[in-house]
Amino acid sequence: MTNGYGASFKEGDFVLLIPLRKTKKEERIVIKLKKGCVVHTRFGVIKHDELIGAPIGGIIKTHLDFPFIAIQALLPDIIQNYSNFDFITQIIYPRDWGQIIAFADIRPTDKIVEIGTGAGAFTAFLAALSCGAEVRIFSYEKDAKRAEKAKENLKRLNVPEVYEIKIRDVSKDGIDERNVDVIFIDIPEPWTVIKLAWHALKPGGRIIIYVPTYNQVERVLRALMQNGYIDIKIKECIVRDIQPKPYAVRPELKGYYFSAFIIFARKSLVIPLWMIKELLK
C-alpha cells in the first residue's frame with residue numbers, strides 16, 4: 001500500500017472513487033493506478049491515465065460523463081472493495097483490527113506470529129503498522145494454495161515486506177520463533193496450538209485468539225488455564241452503522257453486527273491457585 005500520497009495521484013497509488021451524484025445504493029470503487037489501463041463501472045469507463053497526475057480530491061468523469069470524486073484509498077477500503085483482492089477465506093474485518101491492537105497493545109516494533117494466514121487481510125494490516133524494514137511478522141498457513149494466494153494479495157496491496165509466510169501445520173510441526181511479543185491465532189481448533197504458543201512467547205507475551213462460537217471459547221479457556229496463561233479477557237466487538245442523513249439520523253436498517261469472540265491472555269511462569277480450582281469445577 002502506498003503510504004506517501006502527494007497532492008496528485010501517481011502510478012501505483014490506490015484510488016477510491018465515490019459517485020458525485022446520489023445513487024440508489026452506495027458505490028465505492030477501488031483501483032490501483034497503472035498506465036494504459038481502464039476501469040469499467042456501471043456508469044461508464046474511466047482511464048487510469050486521466051487519474052495519474054490528477055489532483056487528489058478532484059473530479060474524474062467516465063466516458064458517459066458520470067462524475068466521481070477521486071481520493072486516496074485507505075487500507076480498509078482496499079481490502080473490502082479492491083476487486084483484485086482474493087477472498088479465499090473469511091477475513092478478519094477492519095472493525096475488529098482496532099480492538100485487537102488496542103487490547104493487546106500491539107506496537108510497530110513487536111515481533112508477531114500469526115497462525116492462520118488465510119487471505120492475508122490481517123497480515124496486511126500488521127505489516128502496514130510495522131516500523132522499519134526488518135521482518136517482524138511470521139505467518140503460518142497449513143494450506144499451500146491459501147498461502148500462495150495470501151502472498152499474491154500482499155504483493156498487490158504494496159504493504160511493507162516485513163512479513164514471512166510459512167506453509168506449515170503448527171499443531172504438528174510447531175513454531176520456529178522464540179521470544180515473541182504477540183501471537184495471533186485464527187484457526188478452527190486453536191486449543192491445539194496454545195501450548196506451543198506458550199513456548200514461543202516471551203514471559204508476559206500476549207496471545208490473541210479469534211473464534212466465532214461459544215463452544216470454541218470454552219475449549220480455549222480450558223487450554224489457556226491449563227498451559228500457563230493469566231489475565232484472560234474475552235471481548236465481542238459490536239459495530240452499528242448510523243445513517244448519515246441530517247434529516248433522518250438513525251441506525252441503518254441492514255447491518256452485520258457479530259464477527260467473532262476475541263480472547264486475550266498473557267504468558268505466565270506460574271498458574272494461580274484460583275485458576276486450578278476453576279479447572280476442577
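Domain bounds here come from an automatic or database domain assignment. With that in mind, let's walk through this predicted model, starting from its overall layout and then moving into its empty spaces.

The assignment gives two pieces to keep in view: domain 1, covering 8-81, and domain 2, covering 94-280. Their C-alpha centres lie 33 Å apart. The two do touch, with eight residues of domain 1 in contact with 10 residues of domain 2. If you turn the whole protein along its principal axes, the C-alpha trace spans about 70 × 45 × 30 Å.

Within that outline, the secondary structure comes to nine helices and 13 strands. Of the 281 residues, 46% count as buried. Looking at contacts between residues at least 6 apart in sequence, you will find that 63% of them join residues at least 24 apart. On the outside, the protein exposes about 14,900 Å², and carbon and sulfur atoms supply 54% of that area.

Now for the spaces between the atoms. Rolling a probe the size of a water molecule over the atoms shows where empty space is left. The largest pocket holds about 1,400 Å³ of space. Its lining has 30 residues, and those closest to the pocket's centre are Glu 26, Arg 28, Asp 241, Pro 244 and Glu 252. Strand 1 (14-19), helix 2 (75-81) and helix 3 (94-103) are the elements that each give two or more residues to this lining. Which of the elements gives the most to the lining of the largest pocket? That is helix 2, with four residues. Both domains take part as well, since at least three lining residues are drawn from each of domain 1 and domain 2. By character, the lining divides into 14 charged, 11 nonpolar and five polar residues.

Helix 2 deserves a closer look, and Asp 77 is a good place to stop, as this residue lies in that helix. Is Asp 77 buried or exposed? Its relative accessibility is 10%, and because buried means under 20%, Asp 77 counts as buried. Leaving aside neighbours within four places in sequence, you can trace contacts from Asp 77 to Leu 16, Arg 28, Val 30 and Tyr 82. Of these contact partners, Arg 28 also appears among the residues closest to the centre of the largest pocket.

Next comes the second largest pocket, with a volume of about 710 Å³. Here 36 residues form the lining, and Gly 116, Arg 146, Asp 186, Ile 187 and Pro 188 are the closest to the centre. The elements that give two or more residues to this lining are strand 7 (112-115), helix 4 (121-129), strand 8 (137-141), helix 6 (170-173) and strand 11 (201-211). The lining of this second pocket divides into 17 nonpolar, 10 polar and nine charged residues.

Finally, let's turn from pockets to enclosed space. How many cavities of 30 Å³ or more does the structure hold? There is one, and about 60 Å³ of space lies in the largest cavity. To find this cavity on your screen, look for its lining residues: Ile 106, Arg 107, Pro 108, Asp 110, Ile 112, Leu 126, Leu 129, Ser 130, Arg 136 and Ile 137. Six of the lining residues are nonpolar, one is polar and three are charged.

Key: Residues numbered from 1 in each chain as written. Predicted model: local features only at pLDDT ≥ 70, side-chain atom pairs only at ≥ 80, totals over all residues. Heavy atoms only, no water. 1 Å grid on protein atoms, 1.4 Å probe; cavity = no way out; pocket = protein on both sides within 12 Å on 5 of 7 lines; lining within 4 Å. Points joined across faces, edges and corners; volume = space filled by probe spheres on them. Nonpolar A, V, L, I, M, F, W, Y, C, P; charged D, E, K, R; others polar. Buried < 20%, exposed > 50% of the residue type's maximum accessible area, 1.4 Å probe, protein only. Contact = heavy atoms within 4.5 Å. Areas by Shrake-Rupley, 256 points an atom, 1.4 Å probe, with all protein chains shown as cover.
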